[in-house]
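Please examine the sequence and the three-dimensional structure shown below. The paragraphs that follow lead through some of its parts in turn.

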Amino acid sequence: MVDGTHSLRLSPGSDASGALASGASSRPDRIERIPLGLRWINDAFDVAPTAGGFAMNLVDMTQAKLARRILREANLPATITHLLVRACALALDRNPHLHQTVCGYDRVTPGSVDIGLSQAGQTTYAPVVVLPRVNRRALSELVPEIMLACDAAMERELVDLAAMRRWLWIVPFGFLRRFVLRRLSAFFGFRKRLVGTFQVSVLPVDCFAPFLFYSGSVLAAGALRDRVVAVDGHPVVRPTTWLSLCADHGSLDGSRAAELLEAIQAVLEGDELVGEARDALRRAGRPANDGDPSRDASGAVVEERGGGREAPVVR
């Protein structure tokens, strides 16, 4: 020991030396050939549109958190994901010029808002749960509908992967698969059936931005965190989340992407989602708690799970 530091020397024959040597010679690389039928997934990544850019905002989720609590009082197991999906649908429905997808040489403005919600699956190509006409469904309908749709998507993915392994090997060449996928991607109906007209992805991280997607744009939401923000010049702690909007530059330029992100933020920070939640509570025959959002309808304190964090799981 010199000047408070320790020096450790290992003899070549010691057990510790042998452990280090065995650690240095790690297990060999593992290489697996992807089955022919599943190579369509890898080729789909090659032909998918890439983001021309993205915009990010930190959003105050106080009202959204209150809406979630009221929905749970109405026996609806809502999560922040449900509220994000509904907020996107309302913003897109009111701003059709921001709800566009370019397919080939056609610029399509959809007549309804079909949200494609990503969820974890068996492959790196996360299965997308397509929720049709979300702009016409209140939260009381949307919460159970999303839960059922996610369950059905998990079962359908297993069937689809088995069918791909069994039949899609018939196209053995990558250039042919990519040609077919590019031709299909030029049709709006194919994209709408695959991922909807707008995509939403949620992960338990602070922030992220997906650069591959099949719709004209996609919203990415990080986890719900308590952060110190400035309100009227004073530091306060608020539940917040980072939202990122990534867009295909052919569908939205930077200005329109920022406009759409701010429209979604306005819904989340406004009173509309809380109003829908209170309507659901009234239909359930329970009184609304308009006071402290940390208490339920009976006045009892409601504990938050996970230290104020919201998992991206839809269930």
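In which sense, parallel or antiparallel, do S6 and S7 pair? The model under discussion is predicted. In it, S6 and S7 pair in the parallel sense, over four bridges. One position within this pairing is Val200, whose bridge partner in S7 is Leu219.

Strand S7 also has a partnership with strand S9, which spans residues 234–247. Here the two strands run antiparallel, and five bridges join them. Within this arrangement, Ser217 stands opposite Ala247 in S9.

The side chains of S7 may be considered next. In a regular strand, side chains alternate between the two faces of the sheet. In S7, Ser217, Leu219 and Ala221 point one way, while Val218 and Ala220 point the other way, and all are buried. Because five of the five residues of S7 are buried, this strand is largely enclosed by the rest of the structure.

A helix offers a further example of covered residues. Helix H4 comprises residues 80–94, and 13 of its 15 residues are buried. From its first C-alpha to its last, H4 reaches 21 Å, close to the 21 Å expected at 1.5 Å a residue.

Finally, the structure holds two aromatic pairs. In one of them, the ring centres of Phe54 and Phe211 are 5.9 Å apart and the planes lie at 45°, so the pair is tilted. This pair links distant parts of the chain: Phe54 belongs to strand S1, whereas Phe211 lies in the loop between strands S6 and S7, 157 residues away. Phe54 counts as partly exposed, at 44% relative accessibility, and Phe211 also counts as partly exposed, at 46%.

Notes: Residues numbered from 1 in each chain as written. Predicted model: local features only at pLDDT ≥ 70, side-chain atom pairs only at ≥ 80, totals over all residues. Heavy atoms only, no water. Phe/Tyr/Trp six-rings, centres within 6.5 Å; stacked < 30°, edge-to-face > 60°. Buried < 20%, exposed > 50% of the residue type's maximum accessible area, 1.4 Å probe, protein only. Expected span 1.5 Å × (residues − 1). Pairing = 2+ DSSP bridges.
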